[in-house]
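I opened a fresh page for this one. Notes below are in the order I looked things up.

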Amino acid sequence: MTTLDDRLRQAHARHVAGDLQEAEARYRSILEQSPGQPEVLRLLGSICGQSGRLDQAAWYLEQAVDADPSVAEAHYNLGVVRRQQGRTPEAIDAWTQATRANPTHASSWFNRGIALIDLDRLEEARTSLTAAIDAEPEHVNARHQLGLLEHTSGNFNEAATQWRAAAEL
């Protein structure tokens, strides 16, 4: 008999191979037999997001977050979907939750920083971009964006430092 983990691995293999329709069918089958699986809910949310079904993606991701709030990747994915929906404050909230679940989740810090720049909340953006770099020193995009932020703020030496560091990576 195939275990839940085996079925999840098979579904995920279809997902990674780009067979989203088959992967989605397999994930749904797993949920029918074992409702509330946070990883399956997150992966279904991911497929829906990849397929442009943003409302459905958000629903699955919210279910995943409710089922296990400690999974940073579910919060992160919810933030991405919320941003795509034009719901930037909710995206920032999701990325904040992701960084609480995993303080070294560089992608959440980075995306949070970019969204905060768009809302002209520059000090918070600076903090987020710096945290992204602290979590992942090789994060070229975070260094570049922090350099732009520093340049815009008139901190030319700090901007140059970030851009040099990015160029060296």
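Before anything on handedness, I wrote down the convention: a crossing is left-handed if the near helix is turned anticlockwise from the far one by less than a right angle, and right-handed if clockwise. I also noted that this is a predicted model.

**Entry 1: the overall picture**

I started with the secondary structure of the protein chain and got 10 helices and 0 strands. Read from the N terminus, the elements go α-α-α-α-α-α-α-α-α-α. I then boxed the C-alpha atoms along the principal axes, and they fill roughly 60 × 30 × 25 Å. Of the 169 residues in the chain, 40% are buried. For contacts between residues at least 6 apart in sequence, I found that 38% join residues at least 24 apart.

**Entry 2: α2 against α3**

Two packed helices are described by the angle between their axes and the distance between the axes. So what do the axes of α2 and α3 do? Helix α2 covers residues 20-33 and helix α3 covers residues 38-50; their axes come within 10 Å and cross at roughly 150°. Angles over 145 degrees count as roughly antiparallel, so α2 is roughly antiparallel to α3. By the convention at the top of the page, the crossing of α2 and α3 is left-handed.

I listed who makes the contact. From α2 I have L20, A23, E24, Y27, R28, I30 and L31. From α3 I have V40, L41, L43, L44, I47 and Q50. Sorted by class, the contact of α2 with α3 has 10 nonpolar, 1 polar and 2 charged residues.

**Entry 3: E24 and its partner**

E24 was on that contact list, and I wanted to know which side chain it meets in a salt bridge. The partner is R53, at 2.8 Å, N to O. This pair links distant parts of the chain: E24 sits in helix α2, R53 in the loop between α3 and α4 (54-67), and they are 29 residues apart.

Is E24 buried or exposed? E24 counts as buried because its relative accessibility is 12%, and the limit for buried is under 20%. R53 comes out at 28% relative accessibility, so R53 counts as partly exposed.

**Entry 4: more salt bridges**

I counted them for the structure: 13 salt bridges. One is between E123 and R126, with the closest N and O atoms 2.4 Å apart. Both residues lie in helix α8 (residues 122-135), 3 residues apart, about one turn of the helix. E123 has 55% relative accessibility, so E123 counts as exposed. R126, at 14%, counts as buried.

R126 also meets E150 in a salt bridge, at 2.8 Å, N to O. R126 is in helix α8 and E150 is in helix α9 (residues 140-152), so this pair ties together parts that are 24 residues apart in sequence. I checked burial for the pair, and both R126 and E150 are buried.

I also noted a network of salt bridges that links E62, R82, R87 and E90.

**Entry 5: α5 against α6**

Next I took helix α5 (residues 72-84) and helix α6 (residues 88-101). They pack at an angle of about 165°, with their axes 8 Å apart. That angle makes α5 roughly antiparallel to α6. The crossing of α5 and α6 is left-handed.

On the α5 side, the contact is made by A72, H75, Y76, L78, G79, V80, R82 and R83. On the α6 side, I wrote down T88, E90, A91, A94, W95, Q97, A98 and A101. By class, the residues of the contact of α5 with α6 divide into 9 nonpolar, 4 polar and 3 charged. R82 and E90 appear in this contact, and R82 and E90 are also in the salt-bridge network noted in Entry 4.

**Entry 6: a look at A94**

I picked A94, which is in helix α6. What does A94 touch, leaving aside its neighbours within four places in sequence? The list reads H75, L78 and G79, and H75, L78 and G79 were among the α5 residues of the contact with α6. A94 has 5% relative accessibility, so A94 counts as buried. My last check was a C-alpha distance: A94 and I117, 23 residues apart along the chain, are separated by 16 Å.

How values were computed. Residues are numbered from 1 along each chain as its sequence is written. This is a predicted model: local features need pLDDT of at least 70, side-chain atom pairs count only at pLDDT 80 or more; totals for chains, interfaces and linings use all residues. Side-chain values use heavy atoms; hydrogens and water are left out. Axes are lines fitted to C-alpha atoms, for helices over the stretch in contact, and angles run from 0 to 180 degrees between N-to-C directions. Helices (H or I, at least four residues) and strands (E, at least two) are DSSP runs, numbered from the N terminus. Angles under 35 degrees count as roughly parallel, over 145 as roughly antiparallel, 65 to 115 as roughly perpendicular and the rest as oblique. Contact means heavy atoms within 4.5 Å. Ala, Val, Leu, Ile, Met, Phe, Trp, Tyr, Cys and Pro count as nonpolar, Asp, Glu, Lys and Arg as charged, and the others, Gly among them, as polar. Buried means under 20% relative accessible area, exposed over 50%, partly exposed in between (1.4 Å probe, protein chains only).
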